[in-house]
Amino acid sequence: MSDNARILIADDEPNILMLTSQILEGAGYTVFRATNGQEAMEKALAEKPDLILLDIRMPKVNGYEACRALREDPEVGNVPIIIVSALGEEYNRLTGFEEGADDYMTKPVSPDELKARVQALLLRSKGLRPGLFGRKKDDPGAPEVERISTGIPNLDKLLEGGIPKGSNVLLIGSLGRGKSSFCRKFISHGITRGEPSMYVAIDDDPKLVNQGLSNQLPQPVAEY
């Protein structure tokens, strides 16, 4: 269900803009269109959408610049943003996340996947306060967000108790320990509580990952 959510789509290719609009309008969303990054920023402030789709290669202001500017604006800084671009290299995806995007899709996109990702982001955004994970401290009526401990006390403190359940987590940079060790500990904690999770590693041997998880669990990981 769309709950009549409002979505802003920014793309300078008329056919793609029309097709994406039709897909989301057909799913019950209210759609606003922009043909360049500058127009996208202006419409975001005027319409206050619930989610924004941004292409990268656009005139006047590109998608990266628009994403960064929107994230820095207090009025729309918490709106979920999906970058949808023909640029599929790892550098482009990482740059998108660094500029504040919540998700990244490579063209051509599947209509069903687009609708699924939009719906997932809209659901996760409900009840989250701007700038950080969680509910507004000054809004007692907002829904409580269940959190999962990272196993690192200082990180849990920064995240106000842990990572919100159901989140997607991208680890970049130094953690003070190996990322693989962190992931195995975090996932093994969730598995013992019956929580499903997916671990994507670029350079790890899957057999070693499973072995490492099994070493931390009371029984082999395959039995879960």
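Visitor: When do two strands count as paired, and what is the bridge partner of Ser85 in E5?
Guide: Two strands pair if DSSP finds at least two bridges between them. Helices (H or I, at least four residues) and strands (E, at least two) are DSSP runs, numbered from the N terminus. This is a predicted model, where local features need pLDDT of at least 70, side-chain atom pairs count only at pLDDT 80 or more, and totals for chains, interfaces and linings use all residues. Residues are numbered from 1 along each chain as its sequence is written, and side-chain values use heavy atoms, leaving out hydrogens and water. In E5, Ser85 has as its bridge partner Thr106.

Visitor: How many bridges join strand E4 to strand E5?
Guide: Strand E4 covers residues 81–85 and strand E5 residues 103–106. The two run parallel, and the number of bridges joining them is 4.

Visitor: Which residue in E2 stands opposite Leu8?
Guide: Strand E1 (residues 6–10) and strand E2 (residues 30–34) run parallel, joined by 5 bridges. Opposite Leu8 in E2 stands Phe32.

Visitor: Through which helix does the chain cross from E1 to E2?
Guide: This β-α-β crossover is right-handed: with the strands pointing away from the viewer, the path from the first strand over the helix to the second runs clockwise. The helix covers residues 14–26 and is H1.

Visitor: What share of the residues in the protein chain is buried?
Guide: Buried means under 20% relative accessible area (1.4 Å probe, protein chains only). The protein chain has 224 residues, and the buried share is 38%.

Conventions. Buried means under 20% relative accessible area, exposed over 50%, partly exposed in between (1.4 Å probe, protein chains only).
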